[in-house]
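Visitor: Hi, I'm new to this one. Could you show it to me and walk me through it?
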Amino acid sequence: MSTKIHEIYRDAYGVPHLRAGDVRELAYAQGRVTALDRAWQLETERHRLLGTSAAFLGAPALSWDVLARRALLADTARRCFERLAEDDPETADWVRSYVDGINDSLEEGARRAPQFAAVSLAPGRWEPWTPLGVWLATHILFAGFPAKLWREQAVRHLGPEAVGLFAADGPGTVGSNGWLVSGARTVTGHAVIAGDPHRHIEDPGVYQQIRLACPEFDVVGLAVPGVPGIAHFGHTGTVAWAITNAMADYQDLYRERLRRTGAGVEALAPDGRWSRARRWTETVSVAGEAPVPVEIIETERGPVIAGGPEGLERAEGSEGPEGSEGSEGSEGSEGIGMDGVVSTPEATGTIAATPGTGAPGTPGTSGAPATDDIPIPIPIPIPLPLPLALALRYPPRVTADLGFGALLPLLRARTVADVDRAFDVWAEPVNVVQAADTEGGTLHRVAGRVPLRAGANRIRPVPAWEPGHEWTGWHPMPRADLDPATGLAVMANQRGLATPLGVEFAAPHRADRITARLGERDRWSAADMPALHLDTHLVSAGVLLDRLDALPDSGLTPAAVALRARLRSWDRRMEADSRDAAAFAALRSAVVRRLAAHPAFAALTEPPAYPEVLQPWLALTPRVGLALEHLLKAEELYGVDRVPILREALEETAARPAVTDGRTWGETHRLAPWRALPAEGSYDEPGLSGDHDCVLCTSSVPGVTDLAARGPAARYVWDLARREDSRWVVPLGASGVPGSPHHRDQLPLWLRGELAPVVTDWDRLVRETAPGTPPGTASGAEAEADAEAVRAYGARPAVHEQVVDGFGTVRVLPLDPERDAGVVHGWVSEERAVFWGMTGLDRERVTEIYTHLAALDTHHAFLVVKDGTPVALFQTYEPDADRVGECYEVRPGDLGIHLLLAPARPGGARPGWGAALMSVLLAYVLLTLDRRRVVVDPDIRNEKAVARMVRQGFTLGPAVVLPEIDLPDVYLPEKKAQLAFLERETAFPA
């Protein structure tokens, strides 16, 4: 049995909250709880990394497995971990602890998950480098390098202007919404960060809500199952961060000339020499089919992911072109891998970026995004003596670094400066980071590693045998301040901060819409943010609708005229219950299909024989659907007459029964989550609001399907005023186990646009049996005692709750004279509490005093607890009803306070605890109670207390003598006090 000591708590949605004694024990707990909740997901991802998933998932997984093998994902992960262990041994040990937690619990988790039995799969063993491999496999297609294959085809058949015309957030690209609202624009004076990452909706989900707490930090956020820590979206209590996809281009494809020799395989280098390539063969097992041998080749550029010495087709399992080693090939062949397309300085064009100029269909005439004068190689068919192959060059393969050195510093971050330093070592994927802290700091930057190289590398595959395509360094990462006019930073994958790093970006519609919505009021709260998540206004519908308006009525049927009029009055909101939204979507798909079928694009209808896993980037119809706005805006489109296409599409749509019968958008636009195995039983997946260009980005593929496989994989709102006011939600649930009450219990919230509370009060969580604690040990008994202390105050309502960074959750509870008598009597009886006037009184008398106090309207007593442990007695009073009021001129809004700290535990008080606690109590008095000024009266001899008040921002008033009070129930001796005052504007300037 493990000797790791940790505690697992759950909130009402089954979200794990973990506590441990140090960071390594906490990593173990995170690995353990992930294995218990998501064993099937973990093992699926491990096998995908290794290229062994087809062994139990069958032929549909084969193409991915071949890519994983040929791209050397596992080997790259091993290299990255070896370097991590050399450069950052603490983080490497932390990762090992996470893996230990997985391995110790994976069998138990597998027993819970029915998928293992369904495919006769036994859980395997994770290696220390496996989390790095899971991260790499999850993100290897993130930057969309297959889009370079599409652009090559588009340029070949349509010309260089096609790059800008078809530029869009592609079918395999992952996007996000993210916005940072500075404290100047919020009701609390502290920043709010909100957003939602857009990915394929998976079951189990790609994000894991989790809390990680130990003496060094207490962080809530969205983790990636299989990877320790919280990389993308987190809140430490004093600083929060979030990311969006920067849409950067940081992976290159090289066309390689390979030849076989008696010793193996050689590749033609830029200096004209043939250099030895690494080469070996592996076998991919396929359930129900014969094993498939895979040749692995790595050149100096990188691993070969398609093709080989015999060319593309032969390497992919079909008959290859004539010729092998030394063959001249087929002169003039048009097949990929044989056409010999190269670029020369004389054959280079530049996409025009000047409005109103350029070739037909270029950005200047179409409204498509410019590509910032990136050189676009114009293809010149030149027969080559040898077939070609594709090599992939990606940063972790080059540097042996995945940026895992950022993960622990992120958990330990206290300010945006800490977050900034952590992301300085980030590698992949390249993200736009937004962060804010409780001190008013904000951060807006790009993080990651993007190589410096020729512009042609960013557009399409480049010839490995030609000089000028080498990587020469790394781009500096752009950064910017918040917009001073608006106090905002909004990123939704549009051109902006990361423009110098990419080629294709999302249309600006989502970002513009978020910005416009945030401009509708001067002040926002965390509670307001879900309304933005749910915005369904489709700006991009305008181009198609304007084109419809331009159609002459003559020749249109009455039904088509009526449909056009109906869409003209539509509010352009893609609501699930909208019949007009459904009619628009049907019309849009009809237009897309007709455009894609036009002879002008015929050469693009048959994508090259690249691996199946890359085909989504090469399919014409989805590309037309995503670029429809640009294709309709272009003044001239390769000779395509769009008027008859629009007319025919309108007539077809008007005649469809689904439109005439009033079908709603949600009837066809339904959630379609990805599962490695078909679900046992059936789920009636719900209809969705939203669309690809809406802020509520639930993406269908116009012209192909209305089903939504992509959408918000999580939603979050990070509140920097009070972390407990933050919110989050995932599409399904916290558990990956079918049948678990928490497998799909968040789906109703997600559909309604509601978010679950981020619970930070341990008293409100349910503690699971500590499975990692050996029963009967001293440490186990102490852990149980601590847990019981936490539960003791859990049912009592708090007037104020706040996370204190580095210390825990502080709750201010109205004092219960009977229940709290033992604690309070022990404190006020000590000699250090002599000025409380109750030394020498027994417990019953102390109870009577506080019972009397509870009956007053002017004096109130509170018990302050931290993580379930009483830490202070706190009292407030109206100065004009107290002896202090006799010693100064009381102002309206004044409130006096007294504070008695609990005795320090063994080892002494932690530095900074007193000031941190006072900050919590000041927030309660000045913000929650809305008082203008706080009055304190420490004993004038207590120089440390007076100095602490000054550091806290108090202004010293007069030294006074508080008169003696001699009552039957209480005696207060004469006291020489130093009055001090703290204005609300001083404590909380905003």
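**Where confidence drops**

Guide: Over residues 314-385, pLDDT (the predictor's confidence in each residue, from 0 to 100) stays under 50. The model has 159 contacts (heavy atoms within 4.5 Å) beyond four places in sequence for residues 314-385. This is a predicted model, where local features need pLDDT of at least 70, side-chain atom pairs count only at pLDDT 80 or more, and totals for chains, interfaces and linings use all residues. Residues are numbered from 1 along each chain as its sequence is written, and side-chain values use heavy atoms, leaving out hydrogens and water.

Visitor: What does a low pLDDT mean for the coordinates?

Guide: Where pLDDT is low, the predicted coordinates should not be read in detail. Residues 770-791 also have pLDDT under 50, with 34 contacts beyond four places in sequence.

Visitor: And what's the mean pLDDT of the chain?

Guide: The mean is 86, and 87% of the residues reach 70 or more.

Visitor: OK, new topic. How many strands form the open sheet, and in what order?

Guide: Eight, in the order S29-S30-S31-S32-S33-S34-S38-S35, with mixed pairing. Strands (E, at least two residues) and helices (H or I, at least four) are DSSP runs, numbered from the N terminus. Two strands pair if DSSP finds at least two bridges between them.

Visitor: Which are the edge strands?

Guide: S29 (800-804) and S35 (955-962), each pairing on one side only. S35 runs antiparallel to S38 (residues 975-983), joined by six bridges, and Leu 956 stands opposite Ala 980 in S38.

Visitor: Which helix packs on the sheet, touching S31, S32 and S33?

Guide: That's H28 (residues 821-828). Its direction makes about 80° with that of S32; axes are lines fitted to C-alpha atoms, for helices over the stretch in contact, and angles run from 0 to 180 degrees between N-to-C directions. Helix H30 (residues 913-928) lies across several strands, including S29, to which H30 runs at about 145°.

Visitor: Switching again: is S18 largely enclosed or open, and why?

Guide: Largely enclosed by the rest of the structure, because five of the six residues of S18 (442-447) are buried, meaning under 20% relative accessible area with a 1.4 Å probe, protein chains only. Six bridges join S18 to the antiparallel S17 (residues 431-437). In their hairpin, Gly 440 takes a positive phi near 95°.

Visitor: Last one: how many disulfides?

Guide: Zero, counting pairs of cysteine sulfur atoms within 2.5 Å. The sulfur of Cys 694 has its closest cysteine sulfur in Cys 697, 7.9 Å away, so it is too far for a bond. Cys 694 is buried at 0% relative accessibility, and Cys 697 is buried at 2%.

Definitions and conventions. Buried < 20%, exposed > 50% of the residue type's maximum accessible area, 1.4 Å probe, protein only.
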